[in-house]
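Visitor: I am new to this structure and would like a close look at a single part, the open sheet and what lies around it. Please take me through it slowly.

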Amino acid sequence: MGILQVVAGPLSQQFSQLGTVSQIGVAIASFLFVAVTLNVLQQFLFKKPNEPPLVFHWFPIIGSTITYGMDPPRFFKENRAKYGDCFTFILLGKKTTVYVGPKGNDFILNGKIRDVNAEEIYTVLTTPVFGKDVVYDCPNSKLMEQKKFMKIALTTEAFRQYVPIISDEVTNYLKRTADFKGQSGIVDIPPKMAQITIFTASHALQGKEIRDKFDETLADLYHDLDMGFSPINFMLHWAPLPWNNRRDYAQRTVAKIYMDTIKERRARGETGAQDIMWHLMNSTYRGDVPVPDHEIAHMMIALLMAGQHSSSSTSSWIMLRLASRPDIMEDLYNEQVKNLGADLPPLTYEDLAKLPLHAAIVKETLRLHAPIHSIMRAVKTPMPVPGTKYVIPTDHVLLAAPGVSATDESYFPQPDLWEPHRWEKDSPLAPTIVRNVQSEEDDEKIDYGYGLVSKGANSPYLPFGAGRHRCIGEQFANVQLQTILAVIVRNFKFRNVDGSDKVIGTDYASLFSRPLEPAKIYWERREGCQL
C-alpha cells in the first residue's frame, strides 16, 4: 500500500495541475493503454484449446477489422499461412471463424439449417436494399418458395429467348453511347458495363415493359442500391449516412416503378403474358396465399440486384483483362469466325456452346475476381470441426472464402496468372477439376425447396456459392456474360491506354468487390464492325 501511495501521490498531484483538455487527453490515453494491455494479456493467458486460434490484434472490438477490410483475400492467405485453414479473428467486435479450402466450404455452405443461419447475418444489409418480406427478411421456407417462383425465368427455353434480347441491347447501347463514337477512343469501362448489364438483365428477365422504363439514371440508382452493401452497414445500416440516404431513395424510386407497373397491368386485365412479373402476380404461397404486390416489387428488385452487382463487376474485369491481353481478344474473335462463320451471324443460345474459349474467359475471370469474397453464417448450435479438436461456439460467426481455394496452387497451377486457356484439358495449367474430369453431374444433388441443385461444395471453384443459398442465377449469368462478351469482341479491339499488361487493383469498399475507378481502356473498331 505504501508503494502505491508513493507512486500515486505525485501522479495525482501532477494530473490535478493539468488543464481540462490535457486531463481528458491523459484519461483517454490511460484508458486505451489499459484496454490494449488487458486485450493482449487475454490473448496470451486465456487461450481456448477447443476453439480455432485467434488472430493477434492490439485493440479490442476493432480487432482485425481494418486489415481484413483493406484486402480480404490477402488477409485470408496471410493468416492461413500462420494459423492453418481454420482460424478466428475479431470483426467489429464479433468473433468470426474463417474456414477455408474445400473442406471449409463444405462445412459452412452445406451446414444444416439447424446449425447455421444466413438470415440473421444479412437481413440488416439486404432488407433496406430489397425491401420488406423477401429474401432474408422472411423465414427460410418462404425464401425457398420465392426462389422457386423466380426459377421460371431461368429455363433453357427462356435462355433461347434471352440471347437475341441481350445481343440487341448491347448493340444498341454501343451505337448510341457517345463514348463509343468514332473509330477509336478511351473509355472508363466499369460504369459502361454497369449500364449494359442492368439494361440486358431488366429486358431479358423482366420484360420489355420494365426495360422501357429504365434509362442511364435508373442504372445509376441500382449502383446506389449496391453501395448499401457497404460492410460498415452491418452496424450502421440505420444511420443517416450519405450512402444510406442514396440507398433509401433508390429503393423507394425503383420499388415505385414496379408497383405502378403492377397496378397498370392489373387494371388492364392483362392475360397470357410470360414475363417474371406476370408469373409472380399469379403465383401463390403454400395454402393458396397470393403474393402481395409489395413483395412482387421487392422480389423484382432482388432478382435484378442478385445478378447486377456480380455481372457488372465480372464484365468490367473481363474487359480490363482483355485490354491487358489483346492476344486473347484476338483468340476470341478467331473462335467466332471459325465456329460461327466469317459473316458472324446474329448470336443464338446454341452458338454459345460452340465458343468454349468465351466460356473459359468467364470462368477464369470469376476465379480471380469472384464478386463475393466472404460468405457468412450465424452459428446456432455448437459445431465440431471434423478431424480437429475445435468446436465452434454459438457466439461466433462462420465465414467461408471460396476465393482462397480458387487461387490455391494445389488446385490451380500458377494461380495468380489470368490464363483462360488453362480450362482446356491438355493445358499444362489446367486445374485439377479439369484434369480429373470432375463435373457437376458427378456431385450429390439435393432439393432445398426450389428444385434439384448440386451440393457442389467439394469443389475448390465455387464462384456462385453452394448449398441452400447457392445462386440460382448462375446459368443466366453465364449466358448474359458470354453474350455481352461475344458482341463486344466481334466489334472492338481493346488494349491498355499505356500499352502495358497491367490490371487495375480491386475496390473492397462494398461487400462485393469491383475494379477501382476510373479504369480506362483504349478501344478501336474492327474492320467490318457491325455497329
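Guide: A residue is called buried when its relative accessible area is under 20%, exposed when that value is over 50%, and partly exposed in between. Please keep in mind that this is a predicted model.

The open sheet has five strands, set in the order 1-2-10-7-3, and its pairing is mixed. At its edges stand strand 1 (86-91) and strand 3 (116-117), and because each has a single partner strand, one side of each is left without a neighbour in the sheet. Strands of a sheet pair through backbone hydrogen bonds, in either the parallel or the antiparallel sense. Further in, strand 2 (residues 94-99) runs parallel to strand 10 (residues 396-400), and four bridges join the two; within strand 10, His396 is the residue that stands opposite Lys95.

Across strand 1, strand 2 and strand 10 lies helix 4 (residues 72-83), which runs at about 130 degrees to strand 1. Cys86, the residue at which strand 1 begins, is buried, with a relative accessible area of 7%.

In sequence, strand 2 ends at residue 99, and helix 5 covers residues 101-109. This helix is mostly covered, since seven of its nine residues are buried: Gly101, Pro102, Gly104, Asn105, Phe107, Ile108 and Leu109. In an α-helix there are 3.6 residues a turn, so residues three or four places apart point the same way.

For comparison, another pairing can be followed elsewhere in the chain. Strand 13 (residues 492-496) has a covered face made of Phe492, Phe494 and Asn496, while Lys493 and Arg495 form the uncovered one. Strand 13 pairs with strand 16 (residues 520-525) in the antiparallel sense, over five bridges, and in strand 16 the bridge partner of Asn496 is Ile521.

From the covered face of strand 13, which includes Phe494, one can pass to Ile488, which touches Phe494 as well as Val170, Leu174, Met193, Met319 and Met329, leaving aside residues up to four places away in sequence. Ile488 also belongs to the largest nonpolar core, a set of 138 residues in which Tyr222, Tyr258, Met319, Leu322 and Ile488 touch the most other members. Helix 15 (residues 293-324) gives the most to this core, with 15 residues.

Finally, a word on the cysteines: the structure holds zero disulfides. In the case of Cys471, the closest cysteine sulfur, in Cys138, is 17 Å from its own sulfur, too far for a bond. Cys471 counts as partly exposed, at 29% relative accessibility.

Conventions
Residues are numbered from 1 along each chain as its sequence is written. This is a predicted model: local features need pLDDT of at least 70, side-chain atom pairs count only at pLDDT 80 or more; totals for chains, interfaces and linings use all residues. Side-chain values use heavy atoms; hydrogens and water are left out. Buried means under 20% relative accessible area, exposed over 50%, partly exposed in between (1.4 Å probe, protein chains only). A nonpolar core is a set of buried Ala, Val, Leu, Ile, Met, Phe, Trp, Tyr and Cys residues joined through side-chain atoms within 4.5 Å. Contact means heavy atoms within 4.5 Å. Two strands pair if DSSP finds at least two bridges between them. A disulfide is a pair of cysteine sulfur atoms within 2.5 Å. Axes are lines fitted to C-alpha atoms, for helices over the stretch in contact, and angles run from 0 to 180 degrees between N-to-C directions.
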